[in-house]
Amino acid sequence: MGYEFRIAASLTAGQRQHIARLLAERPQAPGAMPDTDARLTDTGLYVCQHLRPDPWHGLAALRAYLEAQGTGYAVEEIDD
């Protein structure tokens, strides 16, 4: 359980590949539950922050990439 977000963005195939690499390269402690769970979806990204209500915690490189590409995005908190 944590803070869940949808980050809607229209991504090209190349952007999706690059983002998949960024997500795979994030450092994670062995055997520990990650603080951030981020996955590509059909409409952008799903992010679950287990400890923080900030959708971008631990994802600075991803946010910088989207902004450098000029890719617009919208962040929506999932409230179940």
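Contacts and core of a predicted chain

Leu23 reaches quite a list of residues: setting aside those up to four places away in sequence, Leu23 touches Ala38, Arg39, Leu40, Leu45, Leu59 and Leu62. The model discussed here is a predicted one. Leu23 also turns up in the largest nonpolar core, a set of 15 residues in which Ile19, Leu23, Leu59 and Leu62 touch the most other members. Two or more residues of this core come from each of strand S1 (3-9), helix H1 (13-24), strand S3 (44-49) and helix H2 (60-68).

Stepping back to the whole chain, there are two helices and four strands, and along the sequence they run in the pattern β-α-β-β-α-β. The chain is as compact as a globular protein of its length, because its radius of gyration of 12 Å is close to the 12 Å that the globule rule gives for 80 residues. Along the principal axes, the C-alpha atoms fill a box of roughly 30 × 30 × 20 Å. Of the 80 residues, 32% are buried. Contacts often span a good stretch of sequence: taking those between residues at least 6 apart, 62% join residues at least 24 apart.

As for the surface, the accessible area of the chain is about 5,100 Å², and carbon and sulfur atoms account for 51% of it. The charged side chains number 7 positive and 11 negative, with the centres of the two sets 6 Å apart.

Back to one of the partners of Leu23. Arg39 sits in strand S2 (residues 36-41). Its relative accessible area is 44%, so Arg39 is partly exposed, the range between 20% and 50%. Apart from neighbours within four places in sequence, Arg39 is in contact with Leu23, Gly44, Leu45 and Tyr46. From Arg39 to Ile19, one of the core residues with the most contacts to other members, the C-alpha distance is 9.4 Å, with their positions 20 residues apart in sequence.

Val47, in strand S3, is another story. With a relative accessible area of 0%, Val47 is buried, since the cut-off is under 20%. Its contacts, leaving out neighbours within four places in sequence, are Tyr3, Glu4, Phe5, Ile7, Thr36, Asp37, Ala38, Pro55 and Leu59. One of these, Leu59, is also touched by Leu23, as is Ala38. Thr12, by contrast, lies 19 Å from Val47, C-alpha to C-alpha, and 35 residues from it in sequence.

Then there are two loop residues. Asp54 belongs to the loop between S3 and H2, and at 34% relative accessibility it counts as partly exposed. Beyond its neighbours within four places in sequence, Asp54 is in contact with Phe5 and Gln49. Asp54 and Phe5 are 49 residues apart along the chain, yet their C-alpha atoms are separated by 9.1 Å. Phe5 is also among the contacts of Val47.

Thr71 is found in the loop between H2 and strand S4 (73-78). Despite its place in a loop, Thr71 counts as buried, at 10% relative accessibility. Thr71 touches Ala9, Ser10, Leu11, Gln15 and Leu66, again without counting residues up to four places away in sequence. In the case of Ala9, the two residues are 62 apart in sequence and 7.1 Å apart in space, C-alpha to C-alpha.

Methods. Residues are numbered from 1 along each chain as its sequence is written. This is a predicted model: local features need pLDDT of at least 70, side-chain atom pairs count only at pLDDT 80 or more; totals for chains, interfaces and linings use all residues. Side-chain values use heavy atoms; hydrogens and water are left out. The radius of gyration is taken over C-alpha atoms; the globule rule is 2.2 Å times the number of residues to the power 0.38. Buried means under 20% relative accessible area, exposed over 50%, partly exposed in between (1.4 Å probe, protein chains only). Contact means heavy atoms within 4.5 Å. Accessible areas come from the Shrake-Rupley method with a 1.4 Å probe; for residues, only the protein chains shown count as cover. Lys and Arg count as positive and Asp and Glu as negative; His and the chain ends are not counted. The place of a charge is taken as NZ of Lys, CZ of Arg, CG of Asp or CD of Glu. A nonpolar core is a set of buried Ala, Val, Leu, Ile, Met, Phe, Trp, Tyr and Cys residues joined through side-chain atoms within 4.5 Å.
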